[in-house]
Amino acid sequence: MTIRLDKSRELQRRAERLLPGGVDSPVRAFRAVGGDPPFVASAKGAYLTDADGNRYIDYFGSWGPMILGHCDDEVVRAVQEAAARGASFGASTAAEGELAELVVQAVPSIEKLRFVSSGTEAVMSAIRVARAFTGRKFIVKFEGCYHGHSDALLVKAGSGVATFGIPGSAGVPEEVVQHTLALTFNDVAAVEEAFAKHRGEIACVIVEPVVGNAGTILPEPGYLEALRAITEREGALLIFDEVMTGFRLALGGAQEVFNIKPDLTTLGKIIGGGLPVGAFGGRAEIMDQLAPLGPVYQAGTLSGNPLAMAAGIATVSRLIHERETIYPKIAETTRQLAIGIAQEAKNAGIEIQVNWIGSMVTWFFTRERVTDFASAATSDTAKFGRFHRAMLERGVWLPPSQFEAAFVSAAHGEIEVEKTIAAAREVLLGIRD
Ligand code: KE4
């Protein structure tokens, strides 16, 4: 079964002339799964339509923002009305305070926050303010967690905790990552060792409380509590990077689900309703370090952009007002998909580990339980690639990498679940060894 992608291929060739790889973000190039990526022409609800008119059930939702589904009427109207008043002023507007109040209402650990234009910016800024507040240089992150592409966070995991960060990208000098320690997720001893080795030197621990960027990996029981206790004891800040999990796992994100109060939180994706927004926030005494109040410089031409604020206000308002229905619905839809596809794999004799929580799910093509990046990396990525391509040809567009989370929106329902599981049944029988 092959879908016609003539128009997409023509657009790909045109894009490749001027955009490296034909994309503005690498994962879109389908290098991890092979084949040519469809070019999206439009979207509505749970569906994408590509340039050739092929229709797909969308399971990456712009990598998280589209929790209400695409082209939600209220969000579209809010953006249209804001656009008619002016796209950007470089001056303060009421919308920034309005969205800030909604975010603080949903995430009580945030006493003050600042809007930026991406998750990368939010994390970069949070790290800077954490270093200023503590007067310390070192930061701890975890292998498999992605926090955007700012230099200090592009590190490969060193072997052992004493290893200073090793650049994870060309163009990142060793000096920039020498104070970044990359440890194994779900390993409390490694965190204790790092603090013993660098006592009084670690400004913060930043973590995806539920990892989405290695595929979905849940914290082991007690792990997040241990991170909170160790950072408290050591005078370091705990930063929850909830760019993906924020407003996704619950209205209050992972910190609501696991009942942990971080010192700082980074947000993005959903709070922009599909337009470019990031945010970082937390204890007021930390955030007041920021210019113009304090000594930490941070700025942005389009920070708090009126159109993005309008999309965020419409999205977050709906999540607040309908939290009793939306979150249980998307969690149940996800549960049915997670278990349904795992069962089809079992029936086809294919080893799959499925990790899911709320409306995030990943089917790892491995027999190992996936609790960190190393176990995720045992997955058969070639088999995942065959699975992805065959599902795409049946109108199901999964994230084009084994190491990404799939997302379910409020627009996904029984029909999409049945279609997806039926497609998976056919595909898994077809790719078994
Ligand atoms: P952005 O700069 O892409 O808005 O956000 C960076 C970021 C920060 N923190 C977390 C937990 C994130 O998941 C992200 C971005 N997520 C990826 C998806 N794996 C964005 C997709 C892409 O890079 O194209």
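A polar contact is taken here as a pair of N or O atoms within 3.5 Å. On this criterion, the predicted model places the side chain of Ser 25 in polar contact with the ligand, an N or O atom of this side chain being 2.6 Å from a ligand oxygen atom. Two acidic side chains address nitrogen instead. A polar side-chain atom of Asp 241 is found 2.7 Å from a nitrogen atom of the ligand, and an N or O atom in the side chain of Glu 404 likewise lies 2.7 Å from a ligand nitrogen atom. The ligand taken alone exposes 540 Å², of which the protein buries 85%.

The shell around the ligand comprises 16 residues, and those that come nearest are Ser 25, Thr 120, Asn 213, Asp 241 and Glu 404. Divided by class, this shell holds seven polar, five nonpolar and four charged residues. Residues of the shell are drawn both from domain 1 (6-60 + 323-430) and from domain 2 (73-321), and the ligand therefore lies between the two domains.

A further site of interest is the second largest pocket, for which a volume of about 440 Å³ was computed. Its lining consists of 23 residues, with Ser 92, Glu 96, Gly 300, Ser 303 and Gly 304 closest to the pocket centre. In terms of class, eleven lining residues are nonpolar, ten are polar and two are charged. Among the secondary-structure elements, α3 (94-106) and β4 (112-116) each contribute at least two residues to the lining of this pocket. The largest share is that of β4, which provides three residues.

Two features of the backbone were also noted, both in loops. The peptide bond between Ala 291 and Pro 292 is cis, with omega at about 10°. Pro 292 belongs to the loop that runs between α9 (284-287) and α10 (306-321). The second feature concerns Phe 247, which adopts a positive phi of about 60° although this residue is not a glycine. Phe 247 is located in the loop between β10 (237-241) and α8 (253-258).

How values were computed. Residues numbered from 1 in each chain as written. Predicted model: local features only at pLDDT ≥ 70, side-chain atom pairs only at ≥ 80, totals over all residues. Heavy atoms only, no water. Near = heavy atom within 4 Å. Polar contact = N/O pair within 3.5 Å; in protein donor to acceptor, adjacent residues only side chain to side chain. Areas by Shrake-Rupley, 256 points an atom, 1.4 Å probe, with all protein chains shown as cover. Nonpolar A, V, L, I, M, F, W, Y, C, P; charged D, E, K, R; others polar. Domains from an automatic or database assignment. 1 Å grid on protein atoms, 1.4 Å probe; cavity = no way out; pocket = protein on both sides within 12 Å on 5 of 7 lines; lining within 4 Å. Points joined across faces, edges and corners; volume = space filled by probe spheres on them. Helix = DSSP H or I, 4+ residues; strand = E, 2+ residues; numbered from the N terminus.
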